[in-house]
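Let's take a friendly walk through a protein model, one contact at a time. Keep the structure open and find each residue as it comes up.

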Amino acid sequence: MTSKYALVSKGDVKTIIVAVTREDAIHVAKACYGNDAEAINVDYINVYPFAKYRNGTFFNVSEDGTETEAEKIPTDLQRIQSVEGLSEQLMNALAETIGGVK
């Protein structure tokens, strides 16, 4: 299975690649951008090339230079848990509406 990796050098996201393993992504990062470059998994982060990376957080940069923290994308498990929670709330509300559970 493949994953998306941000290739980061000196706090700048140089590009986003798809790789089979993190090790493969690290090799590409170092080959292209030098030994200080790193590859960071961004499967669940909405990050773009030319973003900034500081203290473990990605910041997308707009055309006017404004930095905005990159949005985190929920994992499949988080989505399922959210739907399950919503389903339970809806079932309780329905039960209360028709006179069941109080």
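This is a predicted model, and a good place to begin is with its 3 salt bridges. The table lists each pair with the distance from nitrogen to oxygen.

| Salt bridge | N to O distance |
|---|---|
| Lys 52 and Asp 12 | 2.7 Å |
| Arg 54 and Glu 67 | 2.8 Å |
| Lys 72 and Glu 69 | 3.3 Å |

Start with the side chains of Lys 52 and Asp 12, which meet in a salt bridge at 2.7 Å. This pair ties together distant parts of the chain, since Lys 52 belongs to strand β5 (residues 52–54) and Asp 12 to strand β2 (residues 12–19), 40 residues apart. Are these two residues buried, exposed or something in between? Lys 52 has a relative accessible area of 26%, so it is partly exposed. Asp 12 has a relative accessibility of 24% and therefore counts as partly exposed.

Next, look at Glu 67 and Arg 54, whose closest N and O atoms are 2.8 Å apart in their salt bridge. Here too the pair links distant parts of the chain: Glu 67 sits in strand β7 (residues 67–69) and Arg 54 in strand β5, with their positions 13 residues apart in the numbering. Glu 67 counts as partly exposed because its relative accessibility is 34%. Arg 54 is partly exposed because its value is 37%.

Arg 54 has another partner to find. Arg 54 lies over the face of Phe 59, at 4.4 Å from the ring centre.

The remaining row of the table joins the side chains of Lys 72 and Glu 69, at 3.3 Å from N to O. Lys 72 is exposed because its relative accessible area is 57%. Glu 69 is partly exposed because its relative accessible area is 45%.

Now turn to the aromatic rings. A pair of aromatic rings is described by the distance of the centres and the angle of the planes. How many aromatic pairs does a search of the whole structure find? The search finds 1 aromatic pair. Its members are Tyr 53 and Phe 58, with 4.5 Å from centre to centre and 45° between the planes, an arrangement called tilted. Tyr 53 and Phe 58 are both buried.

From the rings, move on to Asn 60, a residue of strand β6 (residues 57–61). Asn 60 is buried because its relative accessible area is 14%, which is under the 20% limit. Which backbone atoms does the side chain of Asn 60 reach? One of them is the backbone oxygen of Asn 46, at 2.9 Å. Another is the backbone nitrogen of Tyr 48, which lies 2.9 Å from a polar atom of the Asn 60 side chain.

Ser 3 offers a further polar contact to look for. Ser 3 is found in strand β1 (residues 3–9). It is buried because its relative accessible area is 15%. The side chains of Ser 3 and Asp 43 are joined by a polar contact of 3.0 Å. Ser 3 can also be compared in position with Arg 22: the two are 19 residues apart in sequence, and their C-alpha atoms are 8.2 Å apart in space.

A similar look at sequence and space works for Asn 41, which has its place in strand β3 (residues 38–41). Asn 41 and Ala 19 are 22 residues apart along the chain, while their C-alpha atoms are separated by 9.8 Å. Asn 41 is partly exposed because its relative accessible area is 33%.

Finish the walk on the surface. Which residues make the nonpolar surface patch of about 350 Å²? The patch is made by Met 91, Leu 94 and Ile 98. Ile 98 is found in the segment after α2 (76–97). Is Ile 98 buried or exposed? Ile 98 is exposed because its relative accessible area is 69%, over the 50% limit.

Conventions: Residues numbered from 1 in each chain as written. Predicted model: local features only at pLDDT ≥ 70, side-chain atom pairs only at ≥ 80, totals over all residues. Heavy atoms only, no water. Patch = residues over 30% accessible without salt bridge, like charges linked within 9 Å, V, L, I, M, F, W, Y side chains within 5 Å. Areas by Shrake-Rupley, 256 points an atom, 1.4 Å probe, with all protein chains shown as cover. Salt bridge = Lys/Arg side-chain N within 4 Å of Asp/Glu carboxyl O. Helix = DSSP H or I, 4+ residues; strand = E, 2+ residues; numbered from the N terminus. Buried < 20%, exposed > 50% of the residue type's maximum accessible area, 1.4 Å probe, protein only. Phe/Tyr/Trp six-rings, centres within 6.5 Å; stacked < 30°, edge-to-face > 60°. Lys NZ or Arg CZ within 6 Å of the ring centre and 35° of its normal. Polar contact = N/O pair within 3.5 Å; in protein donor to acceptor, adjacent residues only side chain to side chain.
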